[in-house]
Amino acid sequence: MDSVKHHMGQNLETLQSWFPSGTAEGERQIQERVFVYVSDFPRILSPRAGNPYLLVGRKGTGKSAIIEVATRILDRQKVPSVLIRPSDLDASGLGENDSIGELKHRFQPLLLSAIASKLAENRQGLALGDEAIIYNEAIRSGHLSSDLIGKLARSLPKIAKPLIKVDLTQILPEFTAVTRKELEEAIGRRVKDERFHLFIDDTDQIANPDRPGHLNRIWGLILAARELASDIPQLRCVVSLREEVWERLKRESSAQRDQTDHFTNLVVNLSSSDKLIKEIIETRLKLASAECGGGTEMWTTFFEGAAARPPNSETPRSWIDLVLVRSRQRPRDAIQLISQLADHASNKQHISKINETTFQTVMPRFSEDRARLFGQEFELECPRAEDILRTFSQVEYSEGGFRMTAESAKSHLTSAASQFGITLYGRTIKPNLEVDIFDLWRFLYVANVLNARVSDTGERDEFRHVRSEDDPFLVSKPRWNEMQKMLWEVNPAFRDYLETKRNAQQAMTGLPTKEKQRRARRARLRSK
């Protein structure tokens, strides 16, 4: 018996090795084996000449992982590529009130210098005679003269190489033969000329979003990249950007409306559907199960039974549904949840698999961590974001299951804005101004805290969710009548945390025992 438990404990350790962190930086050793193909990958790997693609997605949806896999494919095909992050660009000399034109002009030499530095670091293009001197001077110089900028720009096309044939068998071994062939053919249709690639990741970190002038920095960097791609036909560029920041750029940069329209057809929206997240999870489970000798029994190798009840609920749900509904539509969250479940189970001597008790124990803390991460992620946009989220533990949900009518949601947000000072994008929200309440609501909608749910008899459950990526401008006063036809619900990822806060508040108010019991029963019925 002890040997069996030890063996099962090793299984859980193996599971953890395939679900380490969910971040590109923390998963480089397994990245290529667990990478899941997305349909837009050929576009990302081969953008059009002179037109940078914007890879737009929420934090944790895999933008960095896609870029890193793309650079590895290019590297193995001997096609030069450079990955630049804001930390590679010295933005200290940028003015607070610089115009977008000025910022674009300032970012061009910063980009060229960073490209030269990365090429030298990666030892690409150094055996170019005179060009090597240019690179060395670009790296040595504290700034680039206009003459040096011109020389550097003219030298870069000389290192470009064609991506003629792509062999993904070794690069992405877990792909099926059909998927590899499909991707190879898609890339082959796009890549025929000589090129080198520039990837700019985490672009929004070049700015401080709560300072209005800093939005211009993001535009300046994007436009500088586009001008470089236009001046150097061999340069192909992909710029990643958080979805929330891109929506704000579209909404608030009225002076850049033409620029926004120019980029509309160059945006690659990276949305994580439940289908994609399920594939990501099961790809890893399959690899972990095979390593443990479990064959195709992916779930039963590590999980007890086919289903479990979440906290405060009597309704069992399948393991995959339990993970998906609490993932915030982010692969990283799903990966981290399974990692924490495996970690908790492996630390219990009498537990050989992840079971219902494991899930019910881990989930409240995991949910609290999601609330904390939400606050950190949007701290610059809204310093009290987590406090606002916490107020939803005070709501009496007339529709059950953390769901409320539009009128109830509007009333609660007005009350929350009255409880404490809320600053959103550097502007104080005034509870007596209806337009401010809609701005706060829109922020929570785009941040995937408040979800819109509309009746739809054509769906299995007779309802569907309207997400911000599908309709980013839903939350607005002109569309109030439409909003009133929907139910508004708190994202399930936060509900276990809010339930814990509500129970603690009830205990402090000293509610009669019978009333506590009635509320507990209602809470269990609401949480499905």
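Here are three short exercises on the pockets and the confidence of this predicted model.

**Exercise 1.** Work out which residues sit closest to the centre of the largest pocket, and which elements help to line it.

*Solution.* Start with the space on offer: the largest pocket holds about 930 Å³. Next, go to its middle. The lining has 30 residues, and R317, V325, D461, F463 and H465 come closest to the centre. Then look at the elements that give two or more residues: α14 (319-325), β12 (450-455), β13 (463-466) and α21 (492-509). Finally, sort the lining by class, and you get 16 charged, eight nonpolar and six polar residues.

**Exercise 2.** Now do the second largest pocket: which element gives the largest share of its lining?

*Solution.* The volume here is about 730 Å³. Of the 35 lining residues, G60, G62, K63, S64 and R332 lie closest to the centre. At least two residues each come from α2 (31-34), α4 (63-76), α13 (274-291), α15 (331-346) and α16 (356-377). The largest share belongs to α4, with four residues. By class, the lining splits into 14 nonpolar, 12 charged and nine polar residues.

**Exercise 3.** Find where in the chain the confidence is lowest and highest among the helices named here.

*Solution.* Get the overall picture before the details: the chain has a mean pLDDT of 81, with 78% of its residues at 70 or more. Then pick out the extremes. Helix α22 (residues 513-526) is lowest, at a mean of 54, while helix α17 (residues 385-390) is highest, at 96. Last, check residues 1-6: pLDDT stays under 50 there, and the model gives this stretch one contact beyond four places in sequence.

Note on methods:
Residues are numbered from 1 along each chain as its sequence is written. This is a predicted model: local features need pLDDT of at least 70, side-chain atom pairs count only at pLDDT 80 or more; totals for chains, interfaces and linings use all residues. Side-chain values use heavy atoms; hydrogens and water are left out. On a 1 Å grid over the protein atoms alone, a cavity is a set of points where a 1.4 Å probe fits but cannot get out, and a pocket is an open set with protein on both sides within 12 Å along at least five of seven lines; lining residues have an atom within 4 Å of a point. Grid points are joined across faces, edges and corners, and a volume is the space filled by probe spheres set on the points. Ala, Val, Leu, Ile, Met, Phe, Trp, Tyr, Cys and Pro count as nonpolar, Asp, Glu, Lys and Arg as charged, and the others, Gly among them, as polar. pLDDT is the predictor's confidence in each residue, from 0 to 100. Contact means heavy atoms within 4.5 Å.
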